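Reader: I should like to learn how to read the main features of a protein model, from its overall make-up to its local backbone geometry. Could we work through one example together?

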Amino acid sequence: MGSPSPGSTASSVAEGSRLRTRVAIGSFSIGAIVVATLFATGGWQRRWNADDGLIVLRTVRNLMAGNGPVFNMGERVEANTSTLWQYVLWFFAWLTGGQLEWVAIWTALVLSVLAVPLAMYGAAKLYWPSLSASGLSLLLPLGAIIYIALPPARDFATSGLENGLTIFWVAALWVLFLSWSRREAGTSRDRLDTLFLAFVAGLAPLIRPEITVLGALVLVVIFLAPTTWRMRLGIAAVAGFLPVAYQVFRMGYYAVLVPNPAIAKDASGSKWGQGFKYLFNMFGPYVLVLPVILALVAVGWLVYARRAAPANPALPTEPASRGRHAKPEDDAETVALRKPSASEPSSTGLRGRWSSLQQGLRRPRTVVLVVVAAGLILSLYWLRQGGDFMHARVLLTPLFILLLPIMVIPVTVPENVRLAWRRSASPADDVVRRKTRTALGGAVLLGVIWISTVWWAVAVHENTLPGDGLDIGRVGIVDERRFYAVNMGNPNPVTAQDYLKFPRMQAMMDSIEEFHDKGAVLIASANYDEWYYVKLPDKMPPNTPRQVSVFFLNLGMTSMNAPLDVRVIDQMGLAYPIAAHTDRLPDGRIGHDKILPREWVVAESGAFGRSPLLPSFMDEEVVQQAQVALTCPATMDRIASYKDKPFTIKRFRSSLRQAFGFTKYRMSRVPEYEIQRCGLPMPPRIKPDK
């Protein structure tokens with residue numbers, strides 16, 4: 001029998017390459033569809049709007065009513081941490097005309113679900129060039145399974161908060177950054193794509209302030225990578241224009257450098273002990289340490305295999321691979337960027353080492369190092385901060401970032417497994433047998449890891465915190481969704497009307513209706529069916545509006561049920577600068593460690609702060625002291641910065657100058673101490689001691 005012809009051999013090789021490509025793409029596609037479907041189903045089953053999510057919608061309501069980006073009419077206070085999220089919701093609410101609560105549910109769910117297969121696609125791009133040419137490779141979801149299996153990940157797929165937007169941005173940045181690392185430098189397409197990458201990275205501070213860590217690291221890499229100074233200026237301009245413009249607006253309009261919740265939750269000091277309690281609170285119920293260990297083992301093998309194996313020349317290149325978009329007019333610049341001239345110093349000199357380092361920045365390895373570094377930095381940041389009061393919420397994004405490189409993993413089965421046991425006839429056969437055995441062992445190892453992770457996900461996907469997550473306890477952490485669902489008897493509290501079943505809410509609405517025209521300060525009582533009230537005098541102080549002011553911790557449900565002309569403020573200071581600027585309580589509940597006494601609100605609202613009209617549990621002496629403390633010049637300036645009307649260019653310039661000082665401004669929560677701090681005269685006692 002004759003040997004096969006060269007044509008038939010080439011055809012066989014091409015057919016084998018097509019089969020390997022179809023298997024890799026098919027396995028990835030099936031995995032992405034299954035994971036996205038499961039995540040969408042789980043997120044929908046656990047749909048809800050958190051009380052904090054309703055806070056965002058109050059601002060959107062004011063935007064749509066023409067009152068500006070404020071929480072309370074007439075008070076320029078930025079009550080939301082994620083600037084971009086509130087404007088995304090405003091846009092889709094305007095576009096669809098839908099009910100705000102459902103706009104928030106669908107927007108968050110769609111972004112959350114899209115984020116996972118998008119992140120998987122990025123990981124597939126990472127591994128594609130190294131897939132073996134001598135075997136079938138399956139791209140199986142690993143990190144994606146770990147993430148969606150966690151109940152809090154599905155809880156915060158909706159919630160009305162910015163988690164969905166955040167992980168979608170992370171996934172998009174991951175894909176764009178990887179594509180940039182493999183693209184031919186200096187082409188027209190490369191310049192446009194690099195500027196777009198810079199724009200997306202620059203959005204970070206508008207999504208969440210701390211996520212700027214990831215955006216900044218990406219920008220540093222693309223700025224330092226080989227390119228022209230003209231391009232670097234373009235990167236800086238495109239990345240910085242929107243966040244810098246908004247920062248100028250924030251300083252001039254709100255008179256501070258950061259959103260009000262950032263001042264209220266004060267990043268000063270550290271709470272490492274509470275942070276590790278928060279970490280254990282996340283890991284414990286789901287035995288999360290098991291998939292973490294399995295993932296680390298998988299990473300170890302993948303790093304070893306990647307170093308040992310050359311890139312696969314038999315598989316077709318990626319759509320965004322190097323050289324795909326090169327054009328004749330770009331050749332000169334491309335060559336200048338990639339090839340040092342003969343006059344340049346050797347790589348042993350300082351300039352040569354710097355050039356070598358620059359060249360190394362534009363590699364997938366750098367992309368992986370950047371995202372892992374960002375994930376670790378963000379994790380440490382939240383541990384230092386003490387975490388949050390909502391179970392697992394703030395650690396979900398760092399976890400998602402750390403899982404990016406293994407959202408999918410390549411499991412490659414050698415093409416001819418029998419070679420692993422074939423008797424050696426030569427040293428070359430020994431090498432082939434050894435490599436085949438190693439590859440087969442790696443495939444088995446990764447397969448076992450994948451199966452074990454799937455088993456873990458099935459076992460824990462419905463686990464809850466001890467006590468069903470309802471007991472806040474000494475650590476101050478609660479399963480927020482279950483807490484509200486159980487307290488209201490509604491597994492899916494979505495609308496503000498749903499929250500009327502929460503204790504005190506219906507009674508609050510009745511009190512608002514009663515005092516809407518006359519005005520009053522409403523203060524929650526221990527009795528769930530009534531509210532205390534403090535009446536306003538017949539003649540109000542100058543520049544003090546006659547209105548109802550609701551003073552309550554749960555800012556979202558109160559504000560979304562109350563009319564827009566009702567002022568809603570809280571003792572933590574999320575929407576109330578006076579509370580936000582008080583000192584942080586060192587042993588307070590995490591996320592709730594500023595508590596403003598009620599007497600401040602009575603004094604600041606112009607209510608009648610004397611017995612017998614003052615509720616008996618409040619101290620008229622303290623109300624009087626608070627009235628004096630509010631005359632502190634610095635405090636009066638701060639109040640004027642967000643209440644002055646009309647809002648003029650002069651006011652904008654003044655706030656712009658004062659923003660730095662107001663951001664750092666702190667006052668005592670105790671009126672008597674605040675009087676002493678400001679050097680004001682202590683008022684005489686209303687009822688002198690006998």
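Author: The discussion below moves from the whole chain to its cores, then to helix packing and the backbone. The model is predicted.

Reader: Let us begin with the whole chain. How many helices and strands does the protein have?

Author: The secondary structure comprises 28 helices and 6 strands. Of the 690 residues, 53% count as buried. Among contacts between residues at least 6 apart in sequence, 75% join residues at least 24 apart.

Reader: How should I approach the interior, and which residues have the most contacts inside the largest nonpolar core?

Author: In soluble globular proteins, nonpolar side chains tend to be buried together. Here the largest nonpolar core has 156 residues, and those with the most contacts inside it are Tyr147, Trp169, Leu214, Phe400 and Val550. Helix H4 (residues 100–127) supplies the largest share of this core, 15 residues. A second, separate core has 31 residues, including Ile578, Trp600, Val602 and Leu630.

Reader: Which residues does Tyr147 touch, leaving aside those up to four places away in sequence?

Author: With that exclusion, Tyr147 touches Phe39, Ala153, Ile167, Leu396, Leu399, Phe400 and Leu403. Phe400 is itself among the residues with the most contacts inside the largest core.

Reader: Now a single side chain. Where is Leu84 found, and which residues does Leu84 touch beyond its sequence neighbours up to four places away?

Author: Leu84 is found in helix H3 (residues 83–96). Its contacts, counted in that way, are Leu165, Leu206 and Ile207. Leu84 and Leu165 are 81 residues apart along the chain, and their C-alpha atoms are separated by 8.8 Å.

Reader: Is Leu84 buried or partly exposed?

Author: Leu84 has a relative accessible area of 23%, so this residue is partly exposed. The cut-off for buried is under 20%.

Reader: Let us turn to pairs of helices. At roughly what angle do the axes of helix H10 and helix H17 cross?

Author: For any such pair, one may take the angle, then the handedness, then the residues in contact. The axes of helix H10 (residues 212–224) and helix H17 (residues 364–385) cross at roughly 150 degrees and come within 9 Å. H10 and H17 are therefore roughly antiparallel to each other, since angles over 145 degrees count as such. H10 passes H17 in a right-handed crossing.

Reader: Which residues meet in the contact of H10 with H17?

Author: From H10 come Val213, Leu214, Leu217, Val218 and Val221, which meet Thr366, Val370, Val371, Ala374, Ile377 and Leu378 in H17. By class, the contact has 10 nonpolar residues, 1 polar and no charged.

Reader: H17 also packs with H13. What is the angle there, and how far apart are the axes?

Author: H13 and H17 pack at an angle of about 115 degrees, with their axes 5 Å apart. Trp272, Gly275, Phe276 and Leu279 in H13 meet Leu380, Leu383 and Arg384 in H17. The residues of this contact divide into 5 nonpolar, 1 polar and 1 charged.

Reader: Are helices H25 and H28 roughly parallel or roughly antiparallel?

Author: Helix H25 (residues 620–629) and helix H28 (residues 671–678) pack at about 30 degrees, their axes 8 Å apart. They are therefore roughly parallel to each other, and their crossing is left-handed. Val622, Gln625, Ala626, Val628 and Ala629 in H25 meet Pro671, Glu672, Glu674 and Ile675 in H28. This contact divides into 6 nonpolar, 1 polar and 2 charged residues.

Reader: Finally, the backbone. Where is the cis peptide bond that leads to Pro612, and which residue does a cis bond join to Pro646?

Author: For cis bonds, the torsion to inspect is omega. The bond from Ser611 to Pro612 is cis, with omega near 5 degrees, and Pro612 is found in the loop between helix H24 (598–604) and H25. Another cis bond joins Lys645 and Pro646, with omega about -5 degrees. Pro646 lies in the loop between helix H26 (633–643) and helix H27 (649–664).

Reader: What is the phi of Val287, and what is that of Arg504?

Author: Val287 has a positive phi of about 45 degrees although it is not a glycine. Val287 lies in the loop between helix H13 (272–283) and helix H14 (289–308), and at 44% relative accessibility counts as partly exposed. Arg504, also not a glycine, has a positive phi of about 85 degrees. Arg504 lies in the loop between helix H20 (480–488) and helix H21 (505–515), and at 19% relative accessibility counts as buried.

Technical notes:
Residues are numbered from 1 along each chain as its sequence is written. This is a predicted model: local features need pLDDT of at least 70, side-chain atom pairs count only at pLDDT 80 or more; totals for chains, interfaces and linings use all residues. Side-chain values use heavy atoms; hydrogens and water are left out. A nonpolar core is a set of buried Ala, Val, Leu, Ile, Met, Phe, Trp, Tyr and Cys residues joined through side-chain atoms within 4.5 Å. Buried means under 20% relative accessible area, exposed over 50%, partly exposed in between (1.4 Å probe, protein chains only). Helices (H or I, at least four residues) and strands (E, at least two) are DSSP runs, numbered from the N terminus. Contact means heavy atoms within 4.5 Å. Axes are lines fitted to C-alpha atoms, for helices over the stretch in contact, and angles run from 0 to 180 degrees between N-to-C directions. Angles under 35 degrees count as roughly parallel, over 145 as roughly antiparallel, 65 to 115 as roughly perpendicular and the rest as oblique. A crossing is left-handed if the near helix is turned anticlockwise from the far one by less than a right angle, and right-handed if clockwise. Ala, Val, Leu, Ile, Met, Phe, Trp, Tyr, Cys and Pro count as nonpolar, Asp, Glu, Lys and Arg as charged, and the others, Gly among them, as polar.
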